[in-house]
Amino acid sequence: MTSMTGYAYKEISNEQANISVEIKSVNSRYLDLSINLPPYLSQLENRLRALVSEKVQRGKVDVFIRVKNFISNETVTADVEAAKSFYAALQKVAHALGKSDDEIPLSLVTAQNGVLIVNQEYDVEKYWASLEPVFIEALDTFIADRKREGENLYKDLLEKLEKLEKCAAFFKEWQPKMEGYFKDLITKKFNELLGSEIDDQRVMTETAAMLVKYTINEEIVRLLSHLSALRNEMANNPFPGKKMDFICQEINREINTIGSKNQFAEVGAMVVTAKDSIENIREQSRNVE
């Protein structure tokens with residue numbers, strides 16, 4: 001079992017750059033992956049996305065790649081013809097204002113758009129050779145962190161499931177007691193009305209009619225089946241989160257029905273315990289991948 005929350009940070013430095021990788025995630029119904037890269041490395045996004053998608057099924061995952069270059073990747077060229085044109089235009093302005101050519105600073109000419117052209121060249125594959133190993137290391141740490149939290153979730157969920165199974169066993173134990181209670185209740189009513197002239201067949205018919213209305217046998221059978229399915233998902237499905245949420249809905253439905261049919265304080269108290277347990281399981285299942 002794996003949690004949807006996790007965190008990892010790794011960095012590496014070489015003669016070219018310092019590269020850091022940060023990965024963090026929170027809960028989400030689906031895989032919501034966001035990768036933040038320097039613009040000049042945007043070509044690498046699909047590779048990084050593929051690496052994450054291979055190991056992560058659900059969660060809002062944010063990946064931050066930060067690069068601090070130690071070597072300049074810039075080359076500067078000059079457009080001399082553009083510079084001459086700008087200078088000639090500035091001369092006209094200067095003369096019109098009674099100024100000399102000496103008062104036109106070189107910095108004003110070079111500041112004009114297109115006079116100096118800055119080119120940035122990045123060898124993406126060279127960056128990838130440095131980024132890939134540190135990213136994989138960060139991703140492995142991130143997955144390990146999610147699994148560690150998942151182990152804690154599993155222990156907590158298992159405790160709550162065992163508590164819920166005890167509730168189901170209690171309901172099953174009380175089922176025949178409930179049937180006996182209804183039979184005794186109807187027999188007592190007939191005694192009050194008819195005295196010794198009790199029709200056993202009539203008592204059985206009335207008891208059966210009441211049991212149809214109040215029996216919880218079918219609910220118990222379905223509840224036990226759902227609990228077995230939930231335990232199986234937790235034990236065998238590496239990504240049980242979605243399925244667990246669905247099963248919890250079904251379990252909650254059976255518990256509510258048992259509560260609505262119940263006629264005993266003891267069963268009512270156990271229904272409250274069961275509802276509390278299933279709500280806790282359902283809430284925790286939303287943290288499970």
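Which helix holds Cys 167? Cys 167 lies in helix 4, which covers residues 124-194. The model shown here is predicted. Let us start with the whole chain, then come back to this cysteine.

The chain has 289 residues, and 37% of them count as buried. Its secondary structure comes to eight helices and six strands. Read from the N terminus, the elements run β-β-β-α-β-β-α-α-β-α-α-α-α-α. The order therefore opens with three strands and closes with five helices. We take the strands first.

Strand 1 spans residues 6-13 and runs antiparallel to strand 2, with eight bridges joining them. A hairpin of three residues connects strand 1 to strand 2. Within this pair, Tyr 9 stands opposite Glu 22 of strand 2.

Strand 2 has another partner. It pairs with strand 4 in the antiparallel sense, over ten bridges. Two residue pairs help to locate this contact. Ile 19 has Val 67 of strand 4 as its bridge partner. Ser 25 has Val 61 of strand 4 as its bridge partner. Strand 2 thus pairs with strand 1 and also with strand 4.

How much of strand 2 is buried? Eight of its ten residues, numbered 17-26, are buried, so the strand is largely enclosed by the rest of the structure. Asn 18 is a residue to look at here, as it lies in strand 2. Its relative accessible area is 16%. The cut-off for buried is under 20%, so Asn 18 counts as buried. In sequence, Asn 18 and Arg 66 are 48 residues apart, yet their C-alpha atoms are separated by 8.1 Å.

Strand 4, residues 59-69, also pairs with strand 3, residues 31-36. This pairing is parallel and has six bridges. Asp 32 stands opposite Lys 60 in strand 4. Further along, Ile 35 has Val 63 of strand 4 as its bridge partner. Strand 4 therefore has a parallel pairing with strand 3 and an antiparallel one with strand 2.

What lies between strand 3 and strand 4 in the β-α-β unit? Helix 1 does, and the unit made by strand 3, helix 1 and strand 4 is left-handed.

Now look at helix 1 itself, residues 45-55. Its buried residues are Leu 48, Leu 51 and Val 52. Why do these three share a side of helix 1? They cover an arc of only 95° around the axis, which puts them on the same side. The spacing fits a general rule. An α-helix has 3.6 residues a turn, so residues three or four places apart point the same way. On the other side of helix 1, Asn 46 and Glu 54 are exposed. Helix 1 thus has a side with buried residues and another side with exposed ones.

Back to Cys 167 in helix 4. Is this residue buried or exposed? Cys 167 is buried, with a relative accessible area of 1%. Met 270 is 103 residues away in sequence, but the two C-alpha atoms are 6.2 Å apart in space.

Helix 8, residues 265-285, holds Glu 279. At 41% relative accessibility, Glu 279 counts as partly exposed, whereas Cys 167 is buried. The C-alpha atoms of Glu 279 and Lys 160 are separated by 9.8 Å. Along the chain, these two residues are 119 apart.

Last comes the largest pocket. It holds about 190 Å³ of space. Which residues line it? From the N-terminal part of the chain come Met 4, Ser 28, Arg 29, Tyr 30 and Arg 58. The lining also includes Gly 241, Lys 242, Asp 245 and Phe 246, together with Ser 285 and Arg 286. Helix 7, residues 241-261, gives the most to this lining, with four residues. By type, the lining residues divide into three nonpolar, three polar and five charged.

Terms used
Residues are numbered from 1 along each chain as its sequence is written. This is a predicted model: local features need pLDDT of at least 70, side-chain atom pairs count only at pLDDT 80 or more; totals for chains, interfaces and linings use all residues. Side-chain values use heavy atoms; hydrogens and water are left out. On a 1 Å grid over the protein atoms alone, a cavity is a set of points where a 1.4 Å probe fits but cannot get out, and a pocket is an open set with protein on both sides within 12 Å along at least five of seven lines; lining residues have an atom within 4 Å of a point. Grid points are joined across faces, edges and corners, and a volume is the space filled by probe spheres set on the points. Helices (H or I, at least four residues) and strands (E, at least two) are DSSP runs, numbered from the N terminus. Ala, Val, Leu, Ile, Met, Phe, Trp, Tyr, Cys and Pro count as nonpolar, Asp, Glu, Lys and Arg as charged, and the others, Gly among them, as polar. Buried means under 20% relative accessible area, exposed over 50%, partly exposed in between (1.4 Å probe, protein chains only). The arc is that of the directions from the helix axis to the C-beta atoms. Two strands pair if DSSP finds at least two bridges between them. A crossover is right-handed if, with the strands pointing away from the viewer, the path from the first strand over the helix to the second runs clockwise.
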